[in-house]
Structures are given as C-alpha cells and as structure tokens.
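Welcome! Take a moment to look over the sequence and the 3D view below, and then we can walk through a few features together.

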Amino acid sequence: GEKTPNAGGQRTRGNPEKEREAGGGGAQGEKMPKACRRRTRGDPDLETEREAKKRSLAAEEASPSAMFAAFERGDAPQSEAKSERVYDVVESVTEESSGSPIPLLHETYIPDELASHPGIHHAFELAEAKYNAEKDHRYALFTMARGPPHSCLFNERRLLPICETAKDAVLLVSGSVIRLSSSLGRVPLNKCCGLWFQQDEEKKTAIVLTSAHLVRKQDPSVMNQWTGKYHRDARVIVHLLDGTTARGSLLYLQEHYEIALYEVTMHKPVELPTFNDTVHSGQDVFRLGRDDESLDLKITHGRVEYKIPVRHERCHYLYFSSDESRHRLLHDDGGPIVDLEGKVVGLVNNHINETFVPSCILHKCLDFWRSFKCMPRLHLGMTFTSINLLDPVCIERMKRKHNIESGLIVQQVSKGSYAEKLGIRKGDVIEGFNGKYVSTTIELESMLVDICWDHFDQRNKLYAEKDVSVLIYNAAKLCRRTRNLTVVVSDFGEDIIEEALMLSRLNNKEVM
C-alpha cells in the first residue's frame with residue numbers, strides 16, 4: 001500500500017476504481033460522446049504523480065520541522081499484530097521508600113471460643129471499622145475504578161466477534177482525541193471534540209482539527225439553513241488529556257464542510273492519528289468523544305451508511321448508523337469515526353443527525369490548506385441524489401428504458417444560478433464532469449476539489465468563475481447533451497436558493 005506520511009502531501013485525483021475515463025472502457029465498455037471527451041498528451045497518471053510530488057516537496061520545504069497526521073489509501077495493508085513487548089529484568093530499589101510492606105487485608109471475625117469474652121464486641125467494632133476504612137482506601141485506587149458508565153466494548157455480546165480488535169483500534173487513536181469548549185465573554189457557547197492534526201516542534205505549536213459547530217451561533221441540531229453563522233472571535237479552550245488547558249487560536253474555518261483549524265501552544269509531543277481514505281457501506285466503525293467533566297473516552301458503535309440527504313443536508317455527508325438512542329447528546333461533533341484498524345475514516349459533523357465528513361474529503365481539504373491556506377470547491381448551484389441509492393427496481397427500469405445505470409439525479413436548482421440559466425431542472429441526470437463519469441456525490445465532491453487544484457495551479461484566484469463541461473440527460477425531453485457550465489471557485493458555504501411562487505389571492509389569477 002502507498003502511504004503519504006505528511007498529511008497527504010500527495011494529491012489524490014478521485015478513486016481510480018470508480019472513475020471511468022471517457023473512452024476508457026468502463027465495466028460495460030461505456031464511452032462518453034465525443035463532445036465530452038478530453039485529449040491528453042503523454043501519460044496522465046505520470047503527470048499527476050509528478051504534480052503531487054512537487055506539491056509534497058513544496059509543503060515540506062515550507063515547514064521542515066512540522067509533523068502531520070498520516071493519510072493512507074484503501075489498498076494499504078492491514079495493521080500488523082502487536083509485537084511482543086519486553087522489558088529489562090532489573091530489580092529496582094529506588095521506587096519504594098524503605099519500611100515494612102503493607103499487610104494483607106483480612107476481614108475481622110470473632111472466634112466461637114471468644115464470643116462470651118468481656119469486651120470482645122467492642123474490640124471487634126474497632127477492628128471492623130479499621131478493616132472497612134482500609135477496604136475503602138483499596139477500592140479508591142485507580143486500578144479498582146471500574147464503575148459505570150460502561151462503554152459498548154464492555155460485556156457486549158453482540159460485539160464479541162470484533163471486541164478485541166475494536167479495543168485495540170480505539171485505544172490506538174484515543175491519545176489524539178481531545179475536548180474543546182467555546183464561550184462569548186463569560187457565556188458558554190458550545191462544546192466539541194477534536195483531533196491533533198499537526199505539530200511544529202520548533203515553533204512549539206500544534207494544530208487541532210475540529211467541527212465549526214464549536215463556534216456556530218445557532219444550535220447545530222436545528223437544520224433550517226444551509227450555511228450557519230459563526231462567532232469567529234469566540235474564546236476557545238482546548239482541554240488537554242493531562243487535565244490542563246490551553247487557549248486555541250482560529251487559523252481557518254471552512255463553512256461548507258463545517259470544519260475548523262485551531263492553533264495551540266504546546267511544549268510537549270502530541271499523538272497524531274492516521275487517516276484512511278476508504279470507507280464502505282455497512283462497515284463497522286466507532287464514534288469517539290470525550291466526557292465534559294472527566295475527559296473519559298466516549299465510544300459508540302455503528303455502521304457506515306449511504307443515505308439520500310434530507311433538506312439542508314450536504315450531498316457529501318456519510319451517515320453513522322448507530323444502534324443506540326438518537327436522544328443521547330454526547331457533544332462529540334468534531335470527534336473521529338474510527339475503523340477496526342484504528343484509522344480515522346471521517347470526522348463527526350452532527351451527532352444528532354449522525355452525519356460525518358469522510359476522510360477522502362478531509363484529505364483533499366487539508367492538502368489544499370497546507371499549500372494555499374484555503375479550502376475551496378466549485379459552487380454548482382445544485383443538489384443531487386445518486387442513482388446508486390435508489391431501489392434496484394428503479395435502477396433496472398432506468399437502464400432498460402433509458403440506458404442510464406449511474407449518475408446523479410438533480411434534486412434542487414438554485415434560483416438565479418448558472419445551472420438554472422443553462423436549463424438544468426429537477427429530475428435531470430448529471431452523468432459526467434469534464435470528461436469523467438460520476439456515480440456518487442462523494443466522487444463529485446472529490447472532482448470539484450481537484451478542478452480547484454488545476455485552477456490554482458494556473459495561478460488563478462479564489463472567487464473567480466470557471467467553465468466545466470457537463471454531460472446532462474434531460475429527463476423531460478429524453479435526450480443527452482454536453483454543455484459548459486459556469487461555476488464559482490469559493491470557500492464559502494454554498495446556499496441553495498429555492499424558487500418561491502407568491503399568490504395574490506386564492507382564485508384563478510396567479511401573480512409571480
């Protein structure tokens with residue numbers, strides 16, 4: 001497997017197993033129309049690799065003392081078994097102070113032959129009180145503190161087949177999971193979790209990756225708008241695992257993906273996690289968080305699920321299908337979704353709606369930020385549903401009657417957008433972008449960021465307009481066409497403006 005040790009210094013252009021180049025002979029040997037093909041010179045894979053190496057070297061030269069979280073691709077080998085741990089057998093004489101050892105704890109009782117002895121009961125009460133005090137002291141030791149609440153990995157028979165593997169995975173990444181809180185003046189704002197992402201030993205700083213919900217004005221559970229409003233000047237405290245705290249300074253906040261980066265002054269090493277770009281539906285994963293008071297680890301088991309987004313949910317979300325109550329408010333937005341190898345496959349977006357941003361998107365965004373200090377994407381002015389998520393009966397019918405078996409069905413078109421002016425309407429199917437077929441919204445999001453890379457490589461600027469080629473199946477006219485769609489390169493949150501029809505009075509006359 002190919003590893004990228006410095007937070008994905010190499011740029012990944014989509015998933016090679018899923019992308020079907022125009023004219024590349026996909027699973028069924030499909031070809032896109034000539035109007036939508038792209039001509040390239042030389043070996044495109046080699047050119048991509050060269051570009052990635054140049055970006056990786058540039059990022060490393062910019063900050064030679066910085067260490068980054070590692071990103072791995074899906075073909076990386078599984079983690080090796082734990083190596084046998086050994087230690088030097090040397091008797092220590094300095095760890096304990098001199099003196100006699102603590103005696104064993106014995107429960108007090110009265111022998112039968114002394115039961116009638118005068119004063120024996122008084123002596124028994126004194127001895128029993130001493131015994132109970134010593135017993136309480138012993139049970140107060142940290143090794144004996146095993147009381148509730150218990151995690152899902154303690155005595156859960158349903159998780160028995162994966163329990164030991166899951167424990168190792170959770171403990172492997174736990175050192176990088178921290179707690180954050182925000183406030184406005186003396187008024188508490190929000191609480192979230194986060195992950196260490198980068199450390200610079202020379203500057204004595206570290207960077208935390210967390211959810212933008214940490215400083216969001218409105219309760220993230222209220223989903224009545226596309227892009228939230230944020231208190232970027234809020235006071236943020238990072239709660240370190242040794243019980244101390246540190247002040248966090250906002251470096252960057254991405255509204256569309258709702259992630260934020262905070263810098264913290266750190267004089268000691270932090271644990272950096274490993275990310276995995278690949279995740280699949282039905283996969284066993286664990287959502288991690290921290291308790292507000294004790295900072296104890298919170299562990300929730302679930303499975304990855306692909307769903308059709310509901311109103312005001314972003315198309316790039318994946319879903320954490322939990323077997324626990326949805327009403328448990330754990331405040332673990334910004335915490336990691338971890339696979340059975342202890343690798344982070346996503347970042348919790350909203351623990352109530354159980355959405356998370358997959359690591360393949362985080363990988364590209366963090367790569368972009370390291371190079372350009374921003375995380376842009378293309379604003380299309382549309383939302384989509386993947387045909388892959390429909391009932392197989394519907395998919396078969398589309399293939400049989402219209403020769404469509406994959407693509408993205410347009411769900412919403414923003415009022416006044418270039419997509420609306422181009423004639424794209426709800427129900428149309430987007431089959432490809434810039435000569436590449438697209439079948440999932442995750443693939444689409446990856447393409448949108450990759451096109452931004454090309455845009456910045458050509459020294460173009462943020463908030464500029466750009467034309468992309470789009471292969472559209474018009475569901476009303478039952479025909480395909482390739483058109484150039486003007487899009488905007490932006491790092492703002494994309495809002496979809498809905499068409500509204502206002503009636504002047506309830507009769508046969510309607511006024512727009």
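From which domains does the lining of the largest cavity draw at least three residues each? Domain 1 (65–71 + 148–375) and domain 2 (376–503) each supply at least three. Please keep in mind as you read that this is a predicted model.

## The largest cavity

If you go looking for enclosed spaces of 30 Å³ or more, you will find 4 cavities in the structure. The largest cavity contains about 160 Å³ of space. It is lined by 17 residues, and those closest to its centre are His256, Cys315, Arg377, Met382 and Glu494.

Two elements give two or more residues to this lining: strand E18 (382–386) and helix H7 (441–457). Of the elements, H7 gives the most, with 4 residues. Sorted by class, the lining of the largest cavity is made up of 8 nonpolar, 5 charged and 4 polar residues.

## Helix H7

Since H7 gives the most to the lining of the largest cavity, let us follow this helix along its length. H7 has 17 residues, and the distance from its first C-alpha to its last is 24 Å. That is close to the 24 Å expected at 1.5 Å a residue.

H7 is also mostly covered, with 15 of its 17 residues buried. Just past the end of H7 comes Arg459, which takes a positive phi of about 65°.

## Two charged residues in H7

Now zoom in on Glu445, which lies in helix H7. Is Glu445 buried or exposed? Glu445 counts as buried because its relative accessibility is 4%, below the 20% cut-off. The side chain of Glu445 is joined to the side chain of Tyr257 by a polar contact of 2.6 Å.

Further along H7 you will meet Asp450. Why does Asp450 count as buried? The reason is its relative accessibility of 7%, and buried means under 20%. Which side chain does the side chain of Asp450 contact? Its partner is Lys364, and the polar contact between the two side chains is 3.0 Å. Along the chain Asp450 and Lys364 are 86 residues apart, while their C-alpha atoms are separated by 8.1 Å.

## Looking back

To retrace the tour in the 3D view, start from the largest cavity, with His256 and Cys315 among the residues closest to its centre. Then move to H7 and find two of its residues, Glu445 and Asp450. From there, look for their contact partners, Tyr257 for Glu445 and Lys364 for Asp450.

Technical notes: Residues numbered from 1 in each chain as written. Predicted model: local features only at pLDDT ≥ 70, side-chain atom pairs only at ≥ 80, totals over all residues. Heavy atoms only, no water. 1 Å grid on protein atoms, 1.4 Å probe; cavity = no way out; pocket = protein on both sides within 12 Å on 5 of 7 lines; lining within 4 Å. Points joined across faces, edges and corners; volume = space filled by probe spheres on them. Nonpolar A, V, L, I, M, F, W, Y, C, P; charged D, E, K, R; others polar. Domains from an automatic or database assignment. Buried < 20%, exposed > 50% of the residue type's maximum accessible area, 1.4 Å probe, protein only. Polar contact = N/O pair within 3.5 Å; in protein donor to acceptor, adjacent residues only side chain to side chain. Expected span 1.5 Å × (residues − 1).
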